[in-house]
Amino acid sequence: MSGGSDARRLPVLVNLKTGERHTLDSPSISLGRGPDNQIILPEDGYASATHARIYFDKGWWLIEDLHSSNGTRVNDQFVSEPRALYPSDVIKVGRTEFRIE
């Protein structure tokens with residue numbers, strides 16, 4: 001999902017349980033239980049109020065954990081610093097899983 005891929009196509013987060021799709025159409029998107037997030041996870045008691053952020057920087061989509069209680073995972077590995085995202089990556093926020101398309 002760097003500038004080397006089709007930069008006109010915006011990545012989509014797909015909720016693996018519900019099938020809900022979220023197009024990443026903003027340079028910064030926060031995920032969590034709180035109402036101020038762009039992707040709100042009100043049913044996930046394991047997600048923090050403001051859990052993680054996905055953002056675009058220098059041609060890359062990155063994810064960072066926002067000091068959540070239960071951590072953020074990409075492909076079953078905890079995110080300890082901003083990490084680049086790629087198609088087919090699976091992101092876990094609380095107990096909610098998303099796939100990047």
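## A pocket, a sheet and two hairpins

Strand 11 makes the biggest contribution to the lining of the largest pocket, giving three residues. Keep in mind as you read that this is a predicted model. Let's begin at the pocket and then walk outward through the strands.

### The largest pocket

The largest pocket holds about 330 Å³ of space. It has 16 lining residues, and those closest to its centre are Asn15, Lys17, Thr18, Glu43 and Thr96. What is the lining made of, in terms of nonpolar, polar and charged residues? It divides into six nonpolar, four polar and six charged residues. Two strands that each supply at least two residues of this lining are strand 4 (39–40) and strand 11 (96–100).

### Strand 11 and its neighbours

In a regular strand, side chains alternate between the two faces of the sheet. Strand 11 shows this pattern: Thr96, Phe98 and Ile100 point to one face and are buried, while Glu97 and Arg99 point to the other face and are not buried.

Which strands pair with strand 11 in the antiparallel sense? One is strand 1 (residues 12–15), joined to strand 11 by three bridges. Within this pairing, Val14 has Arg99 as its bridge partner. Another is strand 10, which pairs with strand 11 over four bridges. Here Lys92 is matched with Glu97 in strand 11. Strand 10 and strand 11 also form a hairpin with two residues between the strands, where Gly94 takes a positive phi near 65°.

### The five-stranded sheet

Now for the open sheet. Five strands build it in the order 4-3-5-6-9, with mixed pairing. At its edges are strand 4 and strand 9, each of which pairs on one side only. So strand 4 appears twice in our story: it is an edge strand of this sheet, and it also supplies at least two residues to the lining of the largest pocket.

As a reminder, strands of a sheet pair through backbone hydrogen bonds, either parallel or antiparallel. Strand 3 (residues 28–32) and strand 5 are antiparallel, with four bridges between them. In this pairing Leu31 is partnered with Ala52 of strand 5, and Ser28 with Tyr55 of strand 5. On to the next pair: strand 5 and strand 6 are antiparallel too, over six bridges, and Ile54 has Ile63 in strand 6 as its bridge partner.

Tyr55 has another contact worth finding in the structure. Arg53 lies over the face of Tyr55, at 3.9 Å from the ring centre.

On the edge strand 9 you will find Arg83. The C-alpha atoms of Arg83 and His51 are 15 Å from each other, and the two residues are 32 apart along the chain.

### Turns with positive phi

Strand 5 and strand 6 form a hairpin with two residues between them, and Lys58 sits in the turn. The phi of Lys58 is near 50°, a positive value in a residue other than glycine. Ser88, in the loop between strand 9 and strand 10, also has a positive phi, of about 80°, although it is not a glycine. Are these two residues buried or exposed? Lys58 is exposed, with a relative accessible area of 74%, and Ser88 is exposed at 52%.

### An aromatic pair across the chain

A search of the whole structure turns up two aromatic pairs. One of them is formed by Trp60 and Tyr86, whose rings meet edge-to-face, at 5.9 Å centre to centre and with 75° between the planes. Why does that angle count as edge-to-face? Because planes over 60 degrees apart are given that name. The pair links distant parts of the chain: Trp60 belongs to strand 6 (residues 60–65), whereas Tyr86 is in the loop between strand 9 (83–84) and strand 10 (90–93), 26 residues apart.

Here is how accessible several of the residues we have visited are:

| Residue | Relative accessible area | Class |
|---|---|---|
| Trp60 | 32% | partly exposed |
| Tyr86 | 39% | partly exposed |
| Arg83 | 26% | partly exposed |
| Lys58 | 74% | exposed |
| Ser88 | 52% | exposed |

The cut-off explains the label for Ser88: its value is 52%, and exposed means over 50%, so Ser88 belongs in that class.

Methods
Residues numbered from 1 in each chain as written. Predicted model: local features only at pLDDT ≥ 70, side-chain atom pairs only at ≥ 80, totals over all residues. Heavy atoms only, no water. Phe/Tyr/Trp six-rings, centres within 6.5 Å; stacked < 30°, edge-to-face > 60°. Buried < 20%, exposed > 50% of the residue type's maximum accessible area, 1.4 Å probe, protein only. Lys NZ or Arg CZ within 6 Å of the ring centre and 35° of its normal. 1 Å grid on protein atoms, 1.4 Å probe; cavity = no way out; pocket = protein on both sides within 12 Å on 5 of 7 lines; lining within 4 Å. Points joined across faces, edges and corners; volume = space filled by probe spheres on them. Nonpolar A, V, L, I, M, F, W, Y, C, P; charged D, E, K, R; others polar. Pairing = 2+ DSSP bridges.
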